[in-house]
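Visitor: Please pick one part of this protein and look at it closely. I would also like to know how that part fits with the rest of the chain.

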Amino acid sequence: MIEYRNLRVAVLGAGSVGAQVASLLLEHGDELASRVGAGLDLVGVAVRDPKARRTADIPKRLITTDAESLILGADIVVELMGGLEPARSYLELAMNSGADVITANKALLATHGPELFAIAEQVGAQLYYEAAVGGAIPIIRPLRDSLAGDRVHRILGIVNGTTNYILDRMDTEGDTLEEALAAATELGYAEADPTADIEGFDAAQKASILASLAFHTTVPLESVHREGITGVTHAQVQAARDAGFVVKLLAVCERLVDSATGIEGVSTRVHPALVPRTHPLAAVHGANNAVFLEAEAAGSLMFYGAGAGGVQTASAVLGDVVSAARRHVVGGPGVAESTSAGLPILPISSVTTRYQITLEVADRPGVLARIATLFSEHGVSVEAVHQTVRPLAAPAGGTGAAPATATLVIGTHEATESALAATVASLTGTESVAEVTSVLRVEGL
Ligand code: NAP
């Protein structure tokens, strides 16, 4: 057997993930070397503050603040710093100097993915990013390799652990959003500034990566329709529970045909949705992640596990290190990303799904009929109506019966977003409708 020279691995960043990657590389180096067919030498770990405490032991001699020199002397560069810059420039430098690169940085890939993939193709490098979506869960390689011979139709993903933890607590403990967020912060699931998670930015970045891979089409981050969970109320979650649903923040990536134009394309959206309690995604509790996908030949598949965590994410990164090292041993250029389908990106208005709308209406004869007519005038077919009548308390000191109101929960058959939006707009302007209290999409039926 031909002996291959040892490969030089540089790690950029020694935070939650980077420290674990460096430590596991040192601990299991011999075992990984035998899988690769070449030794793996950790040549350095770049940080900002060499004196900072680390979550795993890294020998002092390996710590450096000179990331550029480290990159120039490496065969494999692992970027675990986060942020857009200098992460982007460092990956570019690494590829241009002949290294393969690995990153867990979804923000970077969702923002600069196409230009980084173009550089990789140009110089024959390989860019690996298994940890960028779903932490420890293998989903990038299954989409890129295992399912490359199939046609993916749809992905429903729980790809943000913080929001899943919050919504799960609202469902199982009866917490308000504020209470659940406070608990998530205390347990370290939510950052001091939780905006990226609760407003759906993090999930949108991951959705753009998943959709691009699944549909062999570049899906820009700006094209992802995004709604966070800040509007989700305790009442919505409890009503969902009573009706046999659970509220989840979903990343929905679909290949669909726009009914108005007949154009086939890709739609990607992130928003809270009602999921039936019988659906496998309803069983994803706490901060876990899962990606449920439907493919033409494979049928339904679900990938489930820890979506974050230093050591868990390090597992996915080390898998990439082994792949990159094997490629070095075998030689030849890296495999380019497939964007061969080049499908058009469709706007949210093209999406067709089911909805559940909750209204407060006056409890008077004819109101229900008027509302049903309004739905049908906009081409939205009603599947089920549930009505709860509630007499209002008599005004203080007043006499006579106060007018009764009713809560209507209306489930629709599949309708387009544009038809639904028009229906909601006209409901809001109808005299007998006091308020449209909730509009939620229903997925996974
Ligand atoms: P982190 O704990 O904030 O650590 C970042 C590390 O990068 C720190 O060691 C920091 O150095 C170093 N760093 C930052 N800027 C640098 C610079 N300009 N030069 C040199 N070093 C620099 O981050 P993390 O949680 O490990 O996340 C790393 C990446 O993995 C991110 O892209 C994140 O999105 C992704 N990811 C994380 C998880 C997770 O569970 N944490 C899961 C999946 C993906 P100092 O320590 O000296 O400040």
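Guide: Among contacts between residues at least 6 apart in sequence, 73% join residues at least 24 apart. This comes from a predicted model, and every value below is computed from it. Of the 445 residues in the protein, 52% are buried. The secondary structure amounts to 14 helices and 17 strands, and the C-alpha trace spans about 90 × 50 × 35 Å along its principal axes. The domain assignment divides the protein into domain 1 (7–135 + 311–330), domain 2 (142–305) and domain 3 (351–442).

The part to examine is helix H4, with the residues that lead into it and those it packs against. Strand S4 (76–79) and helix H4 (87–96) are joined by a loop that holds Pro-86. The peptide bond from Glu-85 to Pro-86 is cis, with omega near 5°. At the other end, H4 is followed by Gly-98, which has a positive phi near 95°.

Within H4, the buried residues are Ala-87, Arg-88, Tyr-90, Leu-91, Ala-94 and Met-95. Their arc around the axis covers only 165°, so they sit on the same side of H4. What does that side meet? The buried residues of H4 pack against strand S1 (7–12), helix H3 (67–72), S4, S5 and helix H5 (106–123).

One of those partners, strand S5 (residues 100–103), includes Thr-103. The relative accessibility of Thr-103 is 1%, so this residue counts as buried, the cut-off being under 20%. Its polar side chain has partners there. The Thr-103 side chain makes a polar contact with the side chain of Glu-79 at 2.6 Å, and it reaches the backbone nitrogen of Asn-105 at 3.0 Å. Leaving aside residues up to four places away in sequence, Thr-103 touches Glu-79, Leu-91, Leu-109, Leu-127, Tyr-128 and Tyr-129. Leu-91 in this list is also one of the buried residues of H4. Tyr-128 belongs to a nonpolar core as well, which is described after the main one.

The largest nonpolar core has 73 residues, and Val-77, Leu-143, Ile-155 and Leu-210 have the most contacts inside it. Helix H10 (residues 201–214) contributes the most to this core, with eight residues. Both domain 1 (7–135 + 311–330) and domain 2 (142–305) supply at least three residues each to this core. Apart from it lies another core, of 36 residues, among them Leu-25, Val-36, Val-78 and Tyr-128.

Which residues does Leu-210 touch, not counting those up to four places away in sequence? Leu-210 touches Val-133, Ile-139, Leu-143, Ile-155, Val-159, Cys-253 and Val-291. Beyond H10, the loop that runs to strand S8 (225–226) holds His-216. The phi of His-216 is near 50°, a positive value in a residue other than glycine.

Domain 3 can be compared with this picture through two of its helices. The C-alpha centres of domain 2 and domain 3 lie 27 Å apart, and their contact takes 13 residues from domain 2 and 10 residues from domain 3.

In helix H13, Val-367, Ile-371, Leu-374 and Phe-375 are buried. They cover an arc of only 100° around the axis, which places them on the same side of H13. The face turned away from that buried side carries the exposed residues Ser-376 and Glu-377. Gly-379 follows H13 and has a positive phi, near 75°.

Helix H14 (residues 417–428) has 12 residues, and at 1.5 Å a residue it should span 16 Å; its end C-alpha atoms are 16 Å apart, so the two values agree. The expected span uses one less than the number of residues. Buried in H14 are Glu-417, Ala-419, Leu-420, Thr-423, Val-424 and Leu-427. These cover an arc of only 160° around the axis, so they lie on the same side of H14. They pack against strand S13 (352–362), helix H13 (367–377), strand S16 (415–416) and strand S17 (433–442).

To return to the chosen part: a cis peptide bond joins Glu-85 to Pro-86, the buried residues of H4 share one side, and they pack against S5 among other elements.

Technical notes: Residues numbered from 1 in each chain as written. Predicted model: local features only at pLDDT ≥ 70, side-chain atom pairs only at ≥ 80, totals over all residues. Heavy atoms only, no water. Core = buried A, V, L, I, M, F, W, Y, C linked by side-chain atoms within 4.5 Å. Buried < 20%, exposed > 50% of the residue type's maximum accessible area, 1.4 Å probe, protein only. Helix = DSSP H or I, 4+ residues; strand = E, 2+ residues; numbered from the N terminus. Domains from an automatic or database assignment. Contact = heavy atoms within 4.5 Å. Arc of directions from axis to C-beta. Polar contact = N/O pair within 3.5 Å; in protein donor to acceptor, adjacent residues only side chain to side chain.
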